[in-house]
Amino acid sequence: MKEFRGRVLVKGEAEGEALVIDEISFYGDINPNNGMLVDGRNVKDKIIVAYKPKGSTVGSYIIYALKENGFAPRAIIMSKSEPIIIAGCVLANIPLVDNIDINVLKEIKDGDKIIVKNDKIIVK
Amino acid sequence: MYLTKEEEKILNGEYGWGLAKAMQVIVSVGDSLNSEKLINIAHAHISGVSYGNIGEPGKKLIKQFADEGIKFSVKTTVNPIGYDTMDYDAIPFTRIDKSYIIGQEEILRSLNKMGADLTLSCTPYYLPNVNEIKKGSSVAWGESNAVVYGNSVLGIKTNREGGPISLMAAIIGKIYYYGLHIEKNRIPEIKYKIHKPEDYEINEVRAGIIGEIISKIHNNDKPPYLEEKLKNDTTIKEFSASLGAAGNLAMVVINGITPIRFDEKEIKETITIDFNDIKKREEELKPNERPDLIYFGCPHTNKHEIEKIANNLKKINNLKTKIIITTSRKEISKLDRDALNILRSKDVKLISDTCLIVSPFGYKGLNIVTNSYKAYFYLTKRGIKVSLISIDNLEEVLRL
C-alpha cells in the first residue's frame with residue numbers, strides 16, 4: 001500500500017480501479033455516449049490516472065456528458081491539470097486532484113485499486 | 001483564494017444551484033492558477049456556442065442553466081454559429097442538416113433566455129456598447145481574435161477564457177485575477193522591428209504573415225511589441241487574428257495603437273524581421289489559379305471593409321468567381337445604399353451569424369482565396385486549398 005498527497009481542485013471521495021492515460025484529451029479520445037476510449041478501454045467507474053492534459057476547449061462538455069450519460073470516471077488524478085478539465089470536473093462533480101509527482105503516477109498500473117479522500121490518495 | 005462574504009454565499013449555494021456551480025468553476029480554476037482573488041468584469045463574450053462544436057453535451061449544459069432561471073450578470077455577447085439564421089443555405093459548398101439546426105436553435109433559445117445579445121459575431125468590438133467599455137476594464141472573452149483585439153486595441157483586459165469559462169464568468173460577473181488582468185503582465189519585453197524599404201506597405205495579408213512569423217519565434221510570457229505602425233483597422237484586425245490563431249497569444253503591444261505606457265528600458269531584446277521573409281511567404285501563399293470561391297470576413301468584416309470591396313468591384317464586369325462576405329447583421333444595417341446595390345448587382349453574398357471556420361464548410365481539395373491568415377490557418381487543416389490576397393488586390397485574382 002502506498003499513500004501520497006496532491007492538490008484538491010474538486011473535493012470528494014472515491015474508490016475504484018486505476019485507468020492510466022498518458023496524455024488526456026476528452027474531446028475526440030473519449031465517446032461520451034458509452035465511455036469508450038479510442039484504444040478500446042472504458043472510463044466508467046474508473047479512477048483516471050493521467051500524466052498531463054492535451055488541450056481542447058470542448059473537453060469540459062465531454063466530461064459533463066459522461067456524467068449525464070452514466071459513464072463518468074469516479075475521480076481523476078493528474079500530475080498537472082488545466083482549466084478545461086477543472087471546469088468539466090466541477091460541472092460534473094467528479095473529484096479532481098493534481099500536483100502529483102509524475103514518477104509516483106507512473107508506478108500505478110491499470111486495475112490497481114485506488115482510494116481518493118480529498119487530497120489523500122491511497123494505492124492498494 | 002480570498003473570497004468576499006457575498007462570494008462565499010454564492011459558492012455555498014445560498015443563491016441556488018446555478019450560481020453556485022458557476023462560482024465553483026471560476027474559483028476552482030482560479031485556485032489552480034494561484035489567483036489571489038476574483039475581480040468584477042464589465043462584459044463577457046462567449047465562444048463555443050456552435051452545435052457543431054459543443055454538440056448535445058454543450059446544449060444540455062447550457063439548457064440546464066437556462067431552465068434554472070439563471071440570467072447573465074453582465075452584458076454578454078456570443079460568437080458565430082454554423083449557419084445564417086435567416087438563410088440556412090447561404091454558405092456555398094456546405095450542407096446543414098435539420099438536426100443540426102434543431103440542436104443549435106435550442107442552444108440559442110437558452111442563451112437568449114439568460115439574456116445574451118444574439119448578434120452572433122466574432123467581432124464584438126464593433127458593437128457600440130462593447131466599443132464603449134472603459135479602457136482598463138476587465139472582461140471575460142473566449143474568441144481568440146477578439147481577445148487580442150480587446151487587449152491590444154481597446155485597452156480592455158482579458159485572458160483567453162476557453163470552453164465554458166466565459167459562460168460561467170458571464171453568470172457570476174466575475175473572473176479570477178490572473179494573467180493579463182494584472183498590469184505588469186501586459187508590459188512587453190521583446191520588440192519586433194520590420195526591416196523594409198519605405199515604400200513597402202504592410203497590408204492585411206502581410207500583417208497576417210508577420211503574425212505567423214512572430215508566433216513562431218516569440219518565446220516570452222509577456223506580449224510581443226511590434227514597433228511598426230500598422231495603418232488601418234483591417235490590418236490590425238488580421239494581425240490580431242493571426243497571432244491568436246497561430247500563436248495562441250492573447251495580446252500584442254502595437255506602437256501607436258495599444259493604449260499602454262511603459263518604459264523602453266523594459267525591452268530586453270529586439271528581433272528584426274526582414275521584409276524578404278514576408279515577401280517569400282506571401283509568394284508561397286499567392287493564388288495562381290482561379291479559385292472556387294473568394295471569401296472575406298474572417299474575422300467578421302465591418303461596414304468600411306464591405307464598402308471598400310464594393311468599390312473595388314464597381315469597375316468589374318462579368319465577374320466569374322463567386323464572392324461571399326461574412327459580417328454581423330448590425331454592420332449590414334449600417335451599409336450605404338450604393339455599396340449594397342453594387343454587391344447585389346455582382347451577386348456578392350452578405351452572410352451573417354456565421355463564418356467559414358465555424359460552419360461545416362467545404363471539402364478536401366476545394367480552392368478558395370481570402371485576405372485572412374486566420375482562415376488560411378484553420379481551413380487548410382480541413383484539406384481546403386487557401387490562398388491569400390489583400391482586399392486592395394482583389395482585381396488580380398479576378399483576372400486569373
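**Exercise 1. Find the bridge partner of A50(A) in β5(A), then place β4(A) among its neighbours.**

Step 1. A50(A) is bridged to M78(A) in β5(A); helices (H or I, at least four residues) and strands (E, at least two) are DSSP runs, numbered from the N terminus. Before going on, note that this is a predicted model, where local features need pLDDT of at least 70, side-chain atom pairs count only at pLDDT 80 or more, and totals for chains, interfaces and linings use all residues. Residues are numbered from 1 along each chain as its sequence is written, while chains are lettered from A and ligands numbered from 1 in the order in which they are written.

Step 2. β4(A) and β5 (residues 75–78) of chain A run parallel, joined by 4 bridges; strands pair if DSSP finds at least two bridges between them.

Step 3. β4(A) also pairs with β3 (residues 13–24) of chain A, again in the parallel sense, over 6 bridges. Here I47(A) of β4(A) is the partner of A18(A).

Step 4. Of the 7 residues in β4 (residues 47–53) of chain A, 5 are buried (20 or more other C-beta atoms within 10 Å of a residue's own; exposed means 12 or fewer, partly exposed in between; C-beta atoms are placed from the backbone).

**Exercise 2. Is N248(B) buried or exposed, and what is its phi?**

Step 1. Look in the loop between α9 (233–247) and β8 (253–254) of chain B, where N248(B) is found.

Step 2. Its phi is near 55°, a positive value in a residue other than glycine.

Step 3. N248(B) counts as exposed because it has 11 C-beta neighbours inside 10 Å.
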